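Trainee: I would like to learn how to read a few features of a protein model, going slowly from one to the next. Could you take me through them?

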Amino acid sequence: MTNNKYVLSWIDEMKAMVQPDKVVWIDGSEAQLDELRAEACKTGEMIKLNEEKLPGCYLHRTAVNDVARVEDRTFICTRKKEDAGNINNWMDPAECYAKLTKLYTGSYKGKTMYVIPYSMGVVGSDFAKIGIELTDSIYVVLNMAIMTRVGKNVIDALGDKPDFVKGLHATADCSQENRYICHFPEDNTIWSVNSAYGGNVLLGKKCFALRIASYLGRKEGWMAEHMLILGVEFPNGDIKYVSAAFPSACGKTNLAMLIPPEIYRNKGYKVWTVGDDIAWIRIGEDGRLYAINPENGFFGVAPGTNEHSNPNALATTKKDCIFTNVGHNLDDNTVWWEGLDNNPPKNAINWKGEKWDYTKYNKADKVNTSCAHPNSRFTASAKNCPCLSPMFNSPEGVPVTAIIFGGRRAKTAPLVYQSRDWAHGVFVGSVLASETTAAATGAVGVVRRDPMAMRPFIGYHVGDYFGHWLEMGEKLGDKAPKIFHVNWFRTDDEGNFLWPGFGDNMRVLLWILARCEGKVSARETEIGYLPYVKDIDIEGLENDGKEFTHMMLDELLSVDKALWREDAENIEGFYTSIGERLPAKLWEELETLKKNLE
């Protein structure tokens, strides 16, 4: 498929190490993918589902010990330890290559090496970056064909250049002790061994699109961020785009595919999804920020996805979808997961491949008693999403009007506030936090700092990463997007949510966009600019079946100084842990917050 000497010599080197029986290039054609689907069904790697109810859909199960990303086995391998920073695991590159070479040697014996040329972003666009992944797994090939742009046109776009990310994956024996997901940003290389779970083996996803890309972005003057991108269309046809970062379990996919409340739909408002997970962002020719979604599909969490929580995501899974670790309903050869509906199948196989008894389900022990694993997934093509933006394939991307950070805080953060300026916005993003819920292991209410929702995905030192954000703001000047923070998860003393969330988050988005256009004023507080109660539309709004009042909104927009003082202490501890590379500007922002709270 190519005469590119850099590609061919690298493949030869990898081939000599892993020793496959044969090599197959993935050309992206439907005919070749169909052959691979048939082969995967024959070997039991995948199960073909009901063609009438779920056309083109398949089920796959991973090993029981291999069901999620493994942060403790994920390494950034830079020549100097300090360049990886202290929130990443580090290994010396020479040591890592030597250790992993032993695990890879002969790991493809009796197997096929699949060569997947793929593009993150529209092939040939200025934003696009090319990768080649070598894998022994048909599951990986088929997922990458959904999640990225795969095929011969990618190799043609690369031409004879050496400019590609080298990815090597080996399923090996899925040994937990020898599972490694290693990134060599200085070598444009990713090595993944002893896993077959998507987040660890679809190397275009978090490995390339965030860890390697964040490193490249800093070097080349752009940003790779763990952000959704959505467009709000106004009744007059204008569309304004926002990008938003949320730690896991904070409603990111639901916001990305938001359906406006009926009251807004009737007026002609629409919401368009550009991306649900990753944004590559750079300064355009007009000096504004532009964003693309480098992916071509969605790798979403299945449990909890239903007609109420996210009808657009559910619709996306109805055809040409790969389900991983969900339940298998044997009565009609379809899939099921907790939260899909209230009709658990009576005749089903669970995510472990065992007969499932729905009467034994125990919410306190989901992993062992649920039909679907709590982190079970669907891999679905973006083109199947009913609210996919017409700008999805735009090579230039979309202009970003606002950047939103969101955490899960029971009492501290108000529903929404705006940063005073870009530097203050970087401060707000750098201390983004979520509190552990009952679903997480350990104590409830513990604050976990997840800067820009990128904690597990920054490919270099977090202090330098914050510095890069500040530099981008200097380059943008007065064309910088406004930065906001939202919190859909404020609770009363009984733990009930004070805000209805889901589609009604549109009301907050509209205030944010009105602020960006200078259409509404705001009150300056200790933490930033907060809305006046009258400026967030609550017409027709209910929470838990009760009418939502201005008094309730007022409570959601209150700032408890004592709680914020406590938070400032926690931030100081977090900043201290980052060390001397933390930009002085952020220490200044913390001091300003503390003074404001005195």
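Mentor: We will look at a sheet, then at enclosed and open spaces, and then at two single residues. Please keep in mind throughout that this is a predicted model.

Trainee: Let me begin with the sheet; in which order do its four strands lie, and is the pairing parallel or antiparallel?

Mentor: As a general idea, the strands of a sheet pair through backbone hydrogen bonds, and the pairing may be parallel or antiparallel. In this model the four strands form an open sheet in the order β21-β20-β22-β23, with antiparallel pairing. The edge strands are β21, residues 334-336, and β23, residues 355-356, each of which pairs on one side only.

Trainee: How many bridges join β20 and β21, and which residue is the bridge partner of Asn-329?

Mentor: Strand β20, which covers residues 327-329, pairs with β21 over three bridges in the antiparallel sense. For Asn-329, the bridge partner in β21 is Thr-334.

Trainee: Turning to enclosed spaces, how many cavities of 30 Å³ or more are there, and what is the volume of the largest cavity?

Mentor: The count comes to four cavities of 30 Å³ or more, and the largest cavity has a volume of about 160 Å³. Its lining is made up of 17 residues, and those nearest the centre of the cavity are Tyr-417, Val-431, His-485, Trp-564 and Asp-567. The elements that contribute two or more residues to this lining are α13, residues 422-430, and α17, residues 561-578. Sorted by class, the lining of the largest cavity holds eleven nonpolar, three polar and three charged residues.

Trainee: Which residues line the second largest cavity, and how are they divided by class?

Mentor: The second largest cavity holds about 50 Å³ of space. Its lining residues include Gly-121, Val-122, Arg-149, Ile-292 and Phe-392. By class, the lining of the second largest cavity has five nonpolar, five polar and one charged residues.

Trainee: A pocket is open, unlike a cavity; what volume does the second largest pocket have, and which elements give two or more residues to its lining?

Mentor: The second largest pocket contains about 450 Å³ of space. Of the 20 residues lining this pocket, Glu-30, Leu-33, Arg-37, Ala-145 and Ile-146 are the closest to its centre. Two or more lining residues come from each of α2 (30-43), α5 (138-147) and β8 (149-150), and α2 provides the largest share, with four residues. The lining of this pocket comprises nine nonpolar, five polar and six charged residues.

Trainee: Within α2 there is Gln-32; is Gln-32 buried or exposed, and what does its side chain reach?

Mentor: A residue is called buried when its relative accessible area is under 20%. Gln-32 has a relative accessibility of 14%, and therefore counts as buried. Its side chain reaches the backbone nitrogen of Asp-27 at 2.9 Å. Leaving out residues up to four places away in sequence, Gln-32 touches Val-24, Trp-25, Ile-26 and Asp-27.

Trainee: Where does Ser-309 lie, and why does Ser-309 count as buried or exposed?

Mentor: Ser-309 sits in the loop between β18, residues 297-301, and α11, residues 311-316. Ser-309 counts as buried because its relative accessibility is 12%. A polar atom of the Ser-309 side chain lies 2.7 Å from the backbone oxygen of Gly-304. Once neighbours within four places in sequence are set aside, Ser-309 is in contact with Asn-254, Gly-304 and Phe-502.

Note on methods:
Residues are numbered from 1 along each chain as its sequence is written. This is a predicted model: local features need pLDDT of at least 70, side-chain atom pairs count only at pLDDT 80 or more; totals for chains, interfaces and linings use all residues. Side-chain values use heavy atoms; hydrogens and water are left out. Two strands pair if DSSP finds at least two bridges between them. On a 1 Å grid over the protein atoms alone, a cavity is a set of points where a 1.4 Å probe fits but cannot get out, and a pocket is an open set with protein on both sides within 12 Å along at least five of seven lines; lining residues have an atom within 4 Å of a point. Grid points are joined across faces, edges and corners, and a volume is the space filled by probe spheres set on the points. Ala, Val, Leu, Ile, Met, Phe, Trp, Tyr, Cys and Pro count as nonpolar, Asp, Glu, Lys and Arg as charged, and the others, Gly among them, as polar. Buried means under 20% relative accessible area, exposed over 50%, partly exposed in between (1.4 Å probe, protein chains only). A polar contact is a pair of N or O atoms within 3.5 Å; within protein, one must be able to donate a hydrogen and the other to accept it, and residues adjacent in sequence count only if both atoms are side-chain atoms. Contact means heavy atoms within 4.5 Å.
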